[in-house]
Amino acid sequence: MSQKQITHVDRVFEPSDLDGADMVLVAIDDPAASTTIWKLCKEKKVPANIADVPPECDFYFGSVHRDGPLQIMVSTNGKGPRLAASLRRFIAAQLPKNCGNAIEAIGELRTKLRKVAPTPEDGPKRMRWSVS
């Protein structure tokens, strides 16, 4: 919170709370109020995530594995977040060690190849060099 990116106001929701909002996260134990907020978000074209109500979500939070430039996300569209996390851990455990470093090295190789063979017509040649 030191960067003031999120403001918490401890009171009941008011429609004016959506003014200037870029996105909305709703996590309250009142399904009717959640749906009301979601409908207001729709009217104002503000993307919303209504916790535990996948049909009322414009976006979901997935379980993410990161290793340098490698990013793998598993999402269950809000239907099984614990399962998504379990699947992400399983997938990550199958990856070779230092996979991110290998991807970084491939990126550097691609940059060098683009300097040696810069035109779009050189694409097939670059591909042959990079997989040889």
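A salt bridge here is a side-chain nitrogen of Lys or Arg within 4 Å of a carboxyl oxygen of Asp or Glu. By this rule, the count comes to five salt bridges. Keep in mind that this is a predicted model.

## Salt bridges

Side chains of opposite charge can pair when their charged atoms come close. Here are some of the pairs, with their N to O distances.

| Pair | N to O distance |
|---|---|
| Arg11 and Asp17 | 2.6 Å |
| Asp19 and Lys44 | 3.1 Å |
| Lys125 and Asp122 | 3.7 Å |

Let's start with Arg11 and Asp17, whose closest N and O atoms are 2.6 Å apart. Arg11 has a relative accessible area of 39%, so it counts as partly exposed. Asp17 is partly exposed as well, because its relative accessibility is 33%. These two don't act as an isolated couple: Arg11, Glu14 and Asp17 are linked in a network of salt bridges.

Then there's the bridge between the side chains of Asp19 and Lys44. What does this pair tie together? Asp19 sits in the segment before β1 and Lys44 in helix α1, so the bridge connects parts that are 25 residues apart in sequence. Lys44 has 41% relative accessibility and therefore counts as partly exposed.

Further along the chain, Lys125 and Asp122 meet through their side chains, at 3.7 Å from N to O. Is Asp122 buried or exposed? Asp122 is buried, because its relative accessible area is 15% and the cut-off for buried is under 20%. Its partner Lys125 comes out as partly exposed, with a relative accessible area of 32%.

## The nonpolar core

Which residues make up the largest nonpolar core? There are ten of them: Leu18, Val24, Val26, Ile37, Trp38, Leu40, Cys41, Val46, Ala48 and Ile50. At least two residues of this core come from each of β1 (24-26), α1 (31-44) and β2 (48-50). Helix α1 gives the most, with four residues.

Trp38 is one of the core residues, and its contacts are worth a look. Set aside the neighbours within four places in sequence, and Trp38 is in contact with Ala48, Ile50, Pro55, Glu56 and Cys57. Of these partners, Ala48 and Ile50 also appear in the core list.

## The β3-β4 hairpin

Next, the strands. Strand β3 (residues 63-67) and strand β4 (residues 70-74) run antiparallel, and five bridges join them. Together β3 and β4 form a hairpin, with two residues between them. Asp67 has Leu70 in β4 as its bridge partner. In the turn, Gly68 has a positive phi of about 60 degrees.

## Positive phi away from glycine

Now for a couple of backbone oddities. Asp52 isn't a glycine, yet its phi is positive, at about 65 degrees. Where is Asp52 found? Look in the loop between β2 and β3. Asp52 has 72% relative accessibility, so it counts as exposed.

Asn98 is another non-glycine residue with a positive phi, this time of about 60 degrees. Asn98 belongs to the loop between α2 and α3 (99-116). Why does Asn98 count as exposed? Because its relative accessible area is 52%, and the cut-off for exposed is over 50%.

## A nonpolar patch on the surface

Finally, the outside of the model. Leu83, Leu87, Phe90 and Ile91 make a nonpolar surface patch of about 370 Å². Leu83 is found in helix α2 (residues 81-94), Leu87 has its place in helix α2, and Phe90 is found in helix α2 too.

How exposed are these side chains? Phe90 is exposed, because its relative accessible area is 53%. Leu87 has a relative accessible area of 37%, so it is partly exposed.

Two distances help you place the patch relative to other parts of the chain. Phe90 and Arg114 are 24 residues apart in sequence, with 36 Å between their C-alpha atoms. Leu87 and Lys42 lie 45 residues apart along the chain, and their C-alpha atoms are separated by 32 Å.

Notes:
Residues are numbered from 1 along each chain as its sequence is written. This is a predicted model: local features need pLDDT of at least 70, side-chain atom pairs count only at pLDDT 80 or more; totals for chains, interfaces and linings use all residues. Side-chain values use heavy atoms; hydrogens and water are left out. Patches are made of residues with over 30% relative accessible area and no salt bridge: like charges are joined within 9 Å, nonpolar side chains (Val, Leu, Ile, Met, Phe, Trp, Tyr) within 5 Å. Accessible areas come from the Shrake-Rupley method with a 1.4 Å probe; for residues, only the protein chains shown count as cover. Two strands pair if DSSP finds at least two bridges between them. A nonpolar core is a set of buried Ala, Val, Leu, Ile, Met, Phe, Trp, Tyr and Cys residues joined through side-chain atoms within 4.5 Å. Buried means under 20% relative accessible area, exposed over 50%, partly exposed in between (1.4 Å probe, protein chains only). Contact means heavy atoms within 4.5 Å.
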